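Student: Could we go through this structure together, one feature at a time? I would like to learn how to read each of them.

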Amino acid sequence: MTFAAQILTLYPEMFPGPLGTSLAGRALGEGTWSCDPIQIRDFATDKHKSVDDTPAGGGAGMVMRADVLARAVDDAMTRQPDAPVLAMTPRGEPLTQALVREIATGPGVTILCGRFEGMDERLFEARPIREVSIGDYILSGGETAAIVLLDACIRLLPGVMGAASSGDEESFESGLLEYPHYTRPNDWEGRTIPQVLRSGDHAKIAAWRQAMAEDHTRLRRPDLWERHSDVRDQSPSGAQRQTKEKRA
Ligand code: SAM
């Protein structure tokens with residue numbers, strides 16, 4: 001089944017953009033996903049094809065009009081009723097690997113890209129739109145955020161990464177950052193690959209990787225580590241461990 005991406009934008013020429021190359025580009029060519037950028041301006045009805053207006057209450061910049069955006073969203077929902085409608089906004093829920101997986105396992109997605117100061121608030125009250133942010137910084141438009149989201153989804157579609165990797169061991173999949181990687185040459189500028197990785201002992205390698213993933217997460221991302229520790233402590237084995245720790 002093709003994962004169908006509809007992107008509502010004032011800059012349809014930005015798509016597929018970088019998603020037309022490498023893994024995503026090949027998958028697009030093979031029909032694993034489809035890319036349908038839709039010009040929001042086509043849903044404007046006045047003779048100037050206006051999509052924005054000055055902010056109510058005054059202030060700098062322009063605001064995208066609810067009536068124009070709603071027509072674009074309604075049209076996209078008619079074409080793909082089962083796909084979630086997302087709006088890229090800095091105040092949206094953070095894009096996480098869990099959300100990426102949720103979207104990637106669905107039939108596709110409709111993504112609304114903002115410009116200017118953003119979109120008229122009434123749109124979010126009147127339509128079932130989920131706001132998503134790619135981080136705590138401001139981009140000039142939602143298109144690059146949509147590309148980030150799509151890239152993360154497309155690589156998870158069946159067959160895109162190939163049989164060699166399912167992505168299951170990557171950063172964030174287990175709630176931890178990934179362990180470090182090495183490859184030949186064994187000795188580079190006097191630095192050697194850790195002996196355990198050359199031992200051929202798969203159990204030891206797995207234990208070392210787990211320990212490294214935990215160390216890196218604890219040191220670099222205390223927020224992730226805290227969440228991971230909470231989940232672990234609430235699992236049946238975690239509860240057993242806590243009981244044992246209390247007894248000791
Ligand atoms: N005035 C808005 C604010 O302060 O939150 C910023 C508007 S920004 C210049 C224009 C558009 O870029 C937004 O409507 C949104 O679609 C997109 N955008 C900017 N930063 C984003 C982010 N971190 N995540 C997702 N979309 C973003």
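**Reading a predicted model, feature by feature**

Tutor: Gladly. Let us start with one residue: Asp74 is found in helix 2. Keep in mind throughout that this is a predicted model.

Student: How exposed is Asp74?

Tutor: Relative accessible area is the value to look at, and a residue between 20% and 50% is called partly exposed. Asp74 has a relative accessible area of 30%, so it is partly exposed. Its chain position also invites a look across the fold: Asp74 and Arg127 are 53 residues apart along the chain, and their C-alpha atoms are separated by 8.6 Å.

Student: What span should helix 2 have, and what is the distance between its end C-alpha atoms?

Tutor: Take 1.5 Å for each residue, but count one less than the number of residues. Helix 2 covers residues 66-79, which is 14 residues, so the expected span is 20 Å; the end C-alpha atoms are 20 Å apart, in agreement with that.

Student: Which residues of helix 2 are buried?

Tutor: First the general idea: an α-helix has 3.6 residues a turn, so residues three or four places apart point the same way. In this helix, the buried residues are Ala66, Val68, Leu69, Ala70, Ala72, Val73 and Ala76.

Student: And what covers the buried residues of helix 2?

Tutor: Their cover includes five strands and a helix that you can pick out in turn: strand 1 (3-9), strand 4 (63-64), strand 5 (85-94), strand 6 (108-113) and strand 7 (129-133), together with helix 4 (122-126).

Student: How should I read a nonpolar core? Which residues of the largest one touch the most other members?

Tutor: In soluble globular proteins, nonpolar side chains tend to be buried together. Here the largest nonpolar core has 30 residues, and Trp33, Leu150 and Ile154 are the ones that touch the most other members. Two or more residues come from each of strand 1, helix 1 (22-29), strand 5, helix 3 (97-104), strand 6 and helix 5 (142-154). Helix 5 gives the largest share of this core, with 8 residues.

Student: What is Leu150 in contact with, beyond its sequence neighbours?

Tutor: Setting aside residues within four places in sequence, Leu150 contacts Phe3, Ala5, Ile7, Leu19, Val109 and Ile111. Another core, of 21 residues, lies apart from this one; Val51, Leu69, Ala72 and Ile129 are among its members. You have already met Leu69 and Ala72 among the buried residues of helix 2.

Student: Let us turn to the ligand. How many residues surround it, and which are the closest?

Tutor: There are 19 residues around the ligand, and the closest are Met88, Gly114, Glu117, Gly135 and Tyr137. For polar contacts, look at distances between N or O atoms. A polar backbone atom of Tyr137 is 2.8 Å from a ligand nitrogen. A backbone N or O atom of Leu139 lies 3.0 Å from a nitrogen atom of the ligand, and for Ile134 a polar backbone atom is 3.1 Å from a ligand nitrogen. Taken alone, the ligand exposes 580 Å², of which the protein buries 82%.

Student: Is Thr32 buried or exposed?

Tutor: The cut-off for buried is under 20%. Thr32 has 17% relative accessibility, so it counts as buried. This residue is in the loop between helix 1 and strand 2 (33-39). Leaving aside neighbours within four places in sequence, Thr32 contacts Met1, Thr2, Phe3, Ala27, Leu157, Pro158 and Val160.

Student: Where is His228, and what does it touch?

Tutor: His228 sits in helix 7 (residues 222-234). With a relative accessible area of 15%, His228 is buried. Beyond four places in sequence, His228 touches Ser174, Gly175 and Leu176.

Student: Which residues does a cis peptide bond join?

Tutor: Omega is the angle to check. One cis bond joins Phe15 and Pro16, with omega about 0°, and Pro16 is in the loop between strand 1 and helix 1. Another joins Arg184 and Pro185, with omega about 5°; Pro185 is in the loop between helix 5 and strand 8 (187-188).

Student: Last one: what is the phi of Phe116 and of Glu189?

Tutor: Phi of Phe116 is near 60°, a positive value in a residue other than glycine. Phe116 is in the loop between strand 6 and helix 4, and at 40% relative accessibility it counts as partly exposed. Glu189, also not a glycine, has a positive phi near 50°. It is in the loop between strand 8 and strand 9 (191-192), and at 63% relative accessibility Glu189 counts as exposed.

Key:
Residues numbered from 1 in each chain as written. Predicted model: local features only at pLDDT ≥ 70, side-chain atom pairs only at ≥ 80, totals over all residues. Heavy atoms only, no water. Helix = DSSP H or I, 4+ residues; strand = E, 2+ residues; numbered from the N terminus. Buried < 20%, exposed > 50% of the residue type's maximum accessible area, 1.4 Å probe, protein only. Contact = heavy atoms within 4.5 Å. Core = buried A, V, L, I, M, F, W, Y, C linked by side-chain atoms within 4.5 Å. Near = heavy atom within 4 Å. Polar contact = N/O pair within 3.5 Å; in protein donor to acceptor, adjacent residues only side chain to side chain. Areas by Shrake-Rupley, 256 points an atom, 1.4 Å probe, with all protein chains shown as cover.
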